[in-house]
Amino acid sequence: MKFNGIAVLGLQWGDEGKGKVIDFLSDYCDAVARFGGGANAGHTIVVDGQKYILKLLPSGILREGKLCFIGAGVACDPEALQKELADLESRGISTRGRIFIDYAAHLVLPLHKVSDGYLDAGRGKGAIDTTKRGIGPAYADKASRVGIRVSDIFAKDSLEAKLSYIIEAHKNNLGDRGNDESIADPARLAFNLAGYESLFKEIVTDCGPKIIELLENGKTVLFEGAQGALLDLDYGTYPYVTSSHTTVGGIFTGLGIPPASLRTAIGVCKAYMTRVGHGPFPTEIEGDFADNLREKGREYGSVTGRPRRVGWLDLANLKRIVKLNGIDKLAITKLDVLDGLEEIMVCESYEIDGTKMAGIPPNHPDFSRAKPVYSRLKGWKESTGGLNKLGQLPKNARAYLDYISEKVGVPFWLISTGFSRGDTIIVDENPFS
Ligand code: IMP
């Protein structure tokens, strides 16, 4: 039997507008669970003109009464978590009794953030341009089995020794900050972590069994993706990726639940593409046109403020990612940003050193030399901003959406035409149908 789990996954390099889609869907769900990533994510949601940027907390937190889980697959920066919870409380959103974190979630320590900056700078021209939120080093420590988990905060007898070990492991990556007590003194770090004990005591749990119980009782749980498939540690544009599994498999290991939990997978993609950070981007565009698109789409990182690189939709890659994730329906965001264009390009295949290739995974050795082979589609003059009915779409905008859907082989289910909750076209009210 399949349960009522619904996944929302990014199909590009993150920043697809998942926050808005999750916020919309969470109204239909009993719980929302984050399975990976950390405070490198920035899910922007606008409610009644008020903007919220959620980094660690699942987007369902903005809906009263919804349960929210942060699974073992998440790298949790306790400082960021505490701040985010306090911010919401100060804005009148109560999170008490409905936010939970897994005992096994790894903690991002201050030394991870310092190491992140130091290691990325050390790559020189090959820098990844990470968010400097300590994500890579925290996941590396997890894999090396030296990481500190939420449960360690309660195991006071062994915490300091574990901290000494991890500090030793990082000592060559801390530069001057290696002398800073709050970064590299085990007793001070243990003391600082003890400061989060009461926060975690209230919210810590074993997430998997709780989620399974909800599903067994017929409840609906939304699995909230962070970042996007092209940043997946294995299936993205390695090494220009994040350090977690952003594709569908991450849900099950990140939350400790079986594959049968998932009934529907919704893939979110922009009507064009963006990327923040370094790495190959075959359909990237530059110059005035790119600048205009960036301004119009307000394409600046919600966590770091960095300008995002922009480009045309890469259908060759989208097809592969839709299959890899088993996507059932598409949510296409920021359609309105393409309003007013004469024509719109979409990448159908690549050419590498004069040879045409229908599709090629981004970790193929030749991917960085892949040149896009484009089709030209007609643009539309009319504004789609704020539209909320399918029938209102200009003919060519509808044709663009149909083209994408046909090419990747799945229907579109939601179209976003602006930042607010209301600027949304829903093709079918029931996301499970
Ligand atoms: P890290 O996750 O901070 O290690 O960064 C690795 C790469 O992923 C960098 O190129 C980041 O810009 C990118 N990245 C990480 N999180 C996000 C996100 O939420 N949106 C877009 N890009 C991200």
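User: What makes the shell around the ligand six nonpolar, six polar and three charged residues?

Analyst: In this predicted model, the split is by class: Asp, Glu, Lys and Arg count as charged, and Gly is placed among the polar residues. The shell holds 15 residues, the closest being N40, T131, T242, V276 and R306. Of these, R306 is an Arg, so R306 counts as charged.

User: Why is the pair formed by the side chain of N40 and the ligand called a polar contact?

Analyst: An N or O atom in the N40 side chain is 2.9 Å from a ligand oxygen atom. The cut-off for N or O pairs is 3.5 Å, so the pair qualifies. A polar side-chain atom of D15 lies 3.1 Å from a ligand nitrogen atom, and that value is also within 3.5 Å. With V276, a backbone N or O atom is 2.9 Å from an oxygen atom of the ligand. The protein covers 97% of the 470 Å² of accessible area that the ligand has on its own.

User: How do you know that strands β1 and β11 pair?

Analyst: Six bridges join β1 (residues 5-10) to β11 (residues 262-270). Pairing needs at least two bridges, so these strands pair. They run parallel, and G5 has L262 as its bridge partner in β11.

User: What makes β9 and β21 edge strands?

Analyst: Each pairs on one side only. In the order of the open ten-stranded sheet, β9-β7-β5-β2-β10-β1-β11-β16-β20-β21, they stand at the two ends. Helix α9 (residues 207-216) packs on this sheet and touches β9, among other strands; the direction of α9 makes about 145° with that of β5.

How values were computed. Residues are numbered from 1 along each chain as its sequence is written. This is a predicted model: local features need pLDDT of at least 70, side-chain atom pairs count only at pLDDT 80 or more; totals for chains, interfaces and linings use all residues. Side-chain values use heavy atoms; hydrogens and water are left out. A residue is near a molecule or strand if one of its heavy atoms lies within 4 Å of it. A polar contact is a pair of N or O atoms within 3.5 Å; within protein, one must be able to donate a hydrogen and the other to accept it, and residues adjacent in sequence count only if both atoms are side-chain atoms. Accessible areas come from the Shrake-Rupley method with a 1.4 Å probe; for residues, only the protein chains shown count as cover. Helices (H or I, at least four residues) and strands (E, at least two) are DSSP runs, numbered from the N terminus. Contact means heavy atoms within 4.5 Å. Axes are lines fitted to C-alpha atoms, for helices over the stretch in contact, and angles run from 0 to 180 degrees between N-to-C directions.
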